Amino acid sequence: AEKEFLQIRRDRVLPRLIVLLPSLMLLLFGYAINFTLKHIPLALHDAAQDRISQALLAALGEEERFRLAYTAQTPEEVVEAVDRGRARVGLVVPPGALERVRRGESVALEVYVDGTDPNFAFQAQAALRRAIQEVNARIQVGRALAGEAVLPPLSPSLHTLYNPENKTAWFMIPGIIGLVLTMFTVLLTALSIVREVESRMMESLLASPLRPHEMVLGKVLPYLVIAFGVALLVLALGHWVFGVPVRGSLALLLLAMFLFVLGSLAAGVLISTLARTQVQAVFGTYAYAFPTIFLSGFVFPIDGMPRFFQFLSYLVPARYLIEVLRGVMLKGVGLGVLWPHLLALALFSALVLFLASARFQRQVAV
């Protein structure tokens, strides 16, 4: 036991990881995970522009439930804004709302909710109903005191987009693909290279005619093929077993997966240059994967996180992959909508490849 404690204490990396990982988990669980959504981005087409629509918009803004993210000129633009990710909820107010209420008629509101995440859709619909009920209650009180017939002044018609049956598997499987690719590529690549260092095999490889970049390429190519095979297996099982659709371009899907896998393999190489033992490589992989689980939108909605963690999530490459997967599979959108996410994945891959190559070259030189 004394020998093990001494070995852990003399390890320069492992004690820091032992302290860092629980602290990171506590911060992420305590601050980032929040299922109560606020500031839900709303796309609005207000054809009435009268006191009814103003009262409804004020009610939607109470308790920071919604924020007006996009003002549409036509009802079609509302759905397009949800497709493009500019808003998560769309609302269409028909013209002449005030006149209809005065005549004792109900105003039919059209509501469009992004249903890719069933939990988000449920909360967004509940918040919308609550705001509409508040406006209805105010109007109905005045009409009841006047002795007039009381009908619901505002009547919402809810449309759940992309996942109308609120199937959890449709939401989870694109995220599972991202998580599998992260863990699989980073962990196996890091362990493979560190194992070569521990067994002294790396010295033999360095003495061979192989150049450092050729050696790294040879180490990661098998895992590139295996990772693609695993991802396609999960995708096929999700489609055949759970009925998850692929409404968009399969080529676009594969391109995003390739860029992400390339960057993740480079991240594994980078971790292997920092770790001296396989235990350190495992801890380093977990430290890399935790933000993927908590900050990528895989399970926990980014809209419910504090602003700091929302900004931090832009540094997590899995966020962009999952956005592309859900956009292609569930929404059926194409390159015109998803190009910023593909660009982010390409920049991530290029940056990590550069860092891994520079670090490995320096390690070889030493």
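Trainee: How many bridges join strand β1 to β3?
Mentor: Keep in mind that this is a predicted model. Strand β1 covers residues 40–46, and β1 and β3 run parallel. One of the pairs puts Asp46 of β1 opposite Val93 in β3. The number of bridges joining β1 to β3 is 5.

Trainee: And what about β1 and β2, do they run parallel or antiparallel?
Mentor: Look at the bridges again: 5 of them join β1 to β2. Leu44, for one, has Thr71 in β2 as its bridge partner. As for direction, β1 and β2 run parallel.

Trainee: Then β3 and β4, in which sense do they pair?
Mentor: Here the count is 4 bridges. Gly90 stands opposite Tyr112 in β4. The sense of the pairing between β3 and β4 is antiparallel.

Trainee: What is the order of the strands in the open sheet?
Mentor: The sheet has 5 strands, and its pairing is mixed. That fits what we just saw, as β1 and β3 run parallel, while β3 and β4 pair in the antiparallel sense. The order is β2-β1-β3-β4-β5.

Trainee: Which strands stand at the edges of the sheet?
Mentor: Look for strands with a single partner, so that one side is left without a neighbour in the sheet. By the way, the twist averages 30° from one strand to the next. The edge strands are β2 (66–71) and β5 (154–161).

Trainee: Are the residues of β3 buried or exposed?
Mentor: Val89, Leu91 and Val93 point one way from β3, and Gly90 and Val92 point the other way. The count for the strand is 5 of 5 residues covered. For comparison, β1 has 6 of its 7 residues buried. So you can call the residues of β3, on both sides, buried, going by a cut-off of under 20% relative accessible area.

Trainee: Which helix lies across β1, β2, β3, β4 and β5?
Mentor: Search for a helix that runs at about 175° to β3. Its residues are 75–83, and the helix is α4.

Trainee: How confident is the predictor, and which element has the lowest mean pLDDT?
Mentor: The chain averages a pLDDT of 84, and 90% of the residues score at least 70. Strand β3 (residues 89–93) has the highest mean, 94. Where pLDDT is low, the predicted coordinates should not be read in detail. The element with the lowest mean, 66, spans residues 201–207 and is helix α8.

Trainee: At which residue does α11 bend?
Mentor: Helix α11 runs over residues 278–295, and its 18 residues reach 26 Å from the first C-alpha to the last, close to the 26 Å expected. The bend is about 25°, and a proline, Pro291, follows within four residues. The residue at the bend is Tyr288.

Trainee: Is Thr285 buried or exposed?
Mentor: Thr285 lies in helix α11. Leaving aside neighbours within four places in sequence, Thr285 is in contact with Val186, Leu187, Ala190 and Ile271. The relative accessibility is 1%, so Thr285 counts as buried.

Trainee: Which residue just after α11 takes a positive phi?
Mentor: Most residues other than glycine have a negative phi. The one just after α11 has a phi of about 85°, and the residue is Gly297.

Trainee: What is the phi of His39, in degrees?
Mentor: His39 is found in the loop between α2 (14–32) and β1. With 29% relative accessibility, His39 counts as partly exposed. Although His39 is not a glycine, its phi is positive, at about 55°.

Trainee: In which loop is Asn166 found?
Mentor: Asn166 is not a glycine either, yet it has a positive phi of about 55°. At 35% relative accessibility, Asn166 counts as partly exposed. The loop lies between β5 and α7 (168–198).

Trainee: What separates the C-alpha atoms of Gly218 and Thr71, in Å?
Mentor: Gly218 has its place in helix α9 (residues 212–241) and is partly exposed, with a relative accessible area of 42%. Gly218 and Thr71 are 147 residues apart along the chain. Their C-alpha atoms are separated by 52 Å.

Trainee: Last one: which residues does Leu335 touch, not counting those up to four places away in sequence?
Mentor: Leu335 is found in helix α14 (residues 335–365). Its C-alpha is separated from that of Tyr286 by 32 Å. The residues touched by Leu335 are Leu252 and Leu342.

Conventions
Residues numbered from 1 in each chain as written. Predicted model: local features only at pLDDT ≥ 70, side-chain atom pairs only at ≥ 80, totals over all residues. Heavy atoms only, no water. pLDDT = per-residue confidence, 0-100. Helix = DSSP H or I, 4+ residues; strand = E, 2+ residues; numbered from the N terminus. Pairing = 2+ DSSP bridges. Axes fitted to C-alpha atoms, helices over the stretch in contact; angles between N-to-C directions. Contact = heavy atoms within 4.5 Å. Expected span 1.5 Å × (residues − 1). Bend = angle between axes of the 7 residues up to and from the residue. Buried < 20%, exposed > 50% of the residue type's maximum accessible area, 1.4 Å probe, protein only.
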